[in-house]
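Reader: I would like to learn how to read a structure like this one at the bench, feature by feature. Could we begin with the confidence values and then move on to the contacts?

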Amino acid sequence: MFRRKLTALDYHNPSGFDCKDETEFRNFIVWLEDQKIRHYKIEDRGNLRNIPSSGWPKSFEQYLQDVNCPFTVEERQESVDWLLGLAVRLEYGDNVEKYKNCPQATATKAEKPSDPLIHLDSSNPDFKAGVLGLASLLKIQRHDDYLVMLKAIRILIQERLTPEAIAKASQSKEGLPVALDKHILGFDTGDATLNEAAQILRLLHIEELRDLQTRINEAIVAVQAVIADPKTDHRLGKVGR
């Protein structure tokens with residue numbers, strides 16, 4: 001997810017960076033501030049550099065506020081991606097002449113990208129609005145890069161919204177009507193409507209437990225089928241050849 005930006009910033013391990021590893025993540029933030037962003041003066045970076053401190057998350061939260069990051073400490077991936085984008089912009093600003101003279105990579109016919117998303121204008125407001133609408137509809141986590149969000153939408157549609165998956169999801173379960181008055185709740189809430197709701201929830205829970213038990217039984221049968229020796233000769237009254 002961050003490999004290209006980390007590579008551009010000369011990070012020592014762009015392919016193996018794991019922002020979920022707390023120690024690695026804290027060291028990375030310190031490196032990013034010390035080497036690339038440099039928002040604080042050196043003498044003001046003490047709290048951020050105190051990696052083992054239990055108060056480090058508060059220091060990081062303050063840091064995000066100071067650099068005007070729109071994401072919170074809970075939105076770790078989003079905040080990391082935003083900070084990387086800020087670092088790339090600052091790095092380019094410090095070395096405009098260096099990067100301006102870099103030759104642009106041209107793809108040959110054999111290397112021509114096959115991904116149609118590469119030709120989209122991700123800065124178009126209509127494009128952004130459409131991607132955000134789809135992401136919201138499909139409950140996909142928001143990302144600072146709209147092309148990344150669009151790729152996630154495409155993957156979700158390809159893997160979960162196939163005709164087979166839709167057909168399976170559209171199958172309705174038919175059941176028998178249930179008389180709630182024949183099922184004892186076991187307690188009284190003092191409200192008839194709440195009592196009925198509690199009875200319905202209990203029946204649904206029982207149905208889920210039955211489904212779980214069925215799946216457990218199926219798993220046990222499958223395991224037994226694997227463990228059992230298929231080479232049983234009943235005529236000889238023994239197992240094996």
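**Reading the model with care**

Author: Among the elements of the protein chain, helix 4 has the highest mean pLDDT, 94, whereas strand 1 (residues 232-233) has the lowest, 48. This is a predicted model, and the mean pLDDT over the protein chain is 77, with 72% of its residues reaching 70 or more.

Reader: Over which residues is the pLDDT below 50, and how many contacts does this stretch have beyond near neighbours in sequence?

Author: The general idea is that where pLDDT is low, the predicted coordinates should not be read in detail. Here the pLDDT is below 50 over residues 107-113, a stretch that has 4 contacts in the model beyond near neighbours in sequence.

Reader: Let us turn to the interior; how many residues does the largest nonpolar core have, and which of them have the most contacts inside it?

Author: In soluble globular proteins, nonpolar side chains tend to be buried together. In this model the largest nonpolar core has 26 residues, and Phe28 and Leu83 are those with the most contacts inside it. Helix 2 (22-37), helix 4 (56-66) and helix 5 (76-94) are the elements that give two or more residues to this core, and helix 5 supplies the largest share, 6 residues. A second, separate core has 9 residues, including Phe127, Val131, Tyr146 and Ile153.

Reader: Which residues is leucine 83 in contact with, leaving aside its neighbours within four places in sequence?

Author: Leucine 83 is in contact with Ile29, Leu32, Ile37, Phe60, Tyr63, Leu64 and Val67 once those neighbours are set aside. A useful companion is leucine 48, which is found in helix 3 (residues 46-49) and is buried, with a relative accessible area of 4%. Not counting residues up to four places away in sequence, leucine 48 touches Ile29, Val30, Glu33, Trp56, Ser59, Phe60 and Tyr63. To take one of these partners, tyrosine 63 is 15 residues from leucine 48 in sequence, and their C-alpha atoms are 8.2 Å apart in space.

Reader: Which residues of helix 2 are buried?

Author: The buried residues of helix 2 include Phe25, Phe28, Ile29, Val30, Leu32 and Ile37, but also Arg26, Glu33, Asp34 and Lys36, and it is worth looking at both ends of the helix as well. At its start, a side-chain oxygen of aspartate 21 reaches to within 3.2 Å of the backbone nitrogen of threonine 23, while just after helix 2 arginine 38 takes a positive phi of about 55°.

Reader: How many salt bridges does the structure hold?

Author: The structure holds 9 salt bridges, and it helps to ask of each where its partners lie in the chain and how accessible they are. Lysine 5 and aspartate 81 meet through their side chains at 3.1 Å, N to O, and this pair links distant parts of the chain, with lysine 5 in helix 1 (residues 3-8) and aspartate 81 in helix 5, 76 residues apart. Lysine 5 is partly exposed, with a relative accessible area of 27%, whereas aspartate 81 counts as buried because its relative accessibility is 3%, under the 20% limit.

Reader: Which parts does the salt bridge of glutamate 22 and arginine 76 tie together?

Author: The side chains of glutamate 22 and arginine 76 meet at 2.9 Å, N to O; because glutamate 22 lies in helix 2 and arginine 76 in helix 5, the pair ties together parts that are 54 residues apart in sequence. Lysine 36 and glutamate 91 also form a salt bridge, at 3.7 Å, N to O, again with lysine 36 in helix 2 and glutamate 91 in helix 5, 55 residues apart. Both lysine 36 and glutamate 91 are buried. A network of salt bridges, in turn, links Glu33, Asp34, Arg45 and Arg49.

Reader: Finally, how many aromatic pairs does a search of the whole structure find?

Author: A pair of aromatic rings is described by the distance of the centres and the angle of the planes. The search of the whole structure finds 10 aromatic pairs. The rings of tyrosine 11 and tryptophan 31 have centres 4.9 Å apart and planes at 65°, so this pair is edge-to-face. Tryptophan 56 and phenylalanine 60, by contrast, are stacked, at 5.3 Å centre to centre with 15° between the planes. Both of these residues, tryptophan 56 and phenylalanine 60, lie in helix 4, 4 residues apart, about one turn of the helix.

Technical notes. Residues are numbered from 1 along each chain as its sequence is written. This is a predicted model: local features need pLDDT of at least 70, side-chain atom pairs count only at pLDDT 80 or more; totals for chains, interfaces and linings use all residues. Side-chain values use heavy atoms; hydrogens and water are left out. A nonpolar core is a set of buried Ala, Val, Leu, Ile, Met, Phe, Trp, Tyr and Cys residues joined through side-chain atoms within 4.5 Å. Buried means under 20% relative accessible area, exposed over 50%, partly exposed in between (1.4 Å probe, protein chains only). Contact means heavy atoms within 4.5 Å. A polar contact is a pair of N or O atoms within 3.5 Å; within protein, one must be able to donate a hydrogen and the other to accept it, and residues adjacent in sequence count only if both atoms are side-chain atoms. A salt bridge is a side-chain nitrogen of Lys or Arg within 4 Å of a carboxyl oxygen of Asp or Glu. pLDDT is the predictor's confidence in each residue, from 0 to 100. Rings of Phe, Tyr and Trp (its six-membered ring) pair if their centres lie within 6.5 Å; planes under 30 degrees apart count as stacked, over 60 as edge-to-face and the rest as tilted.
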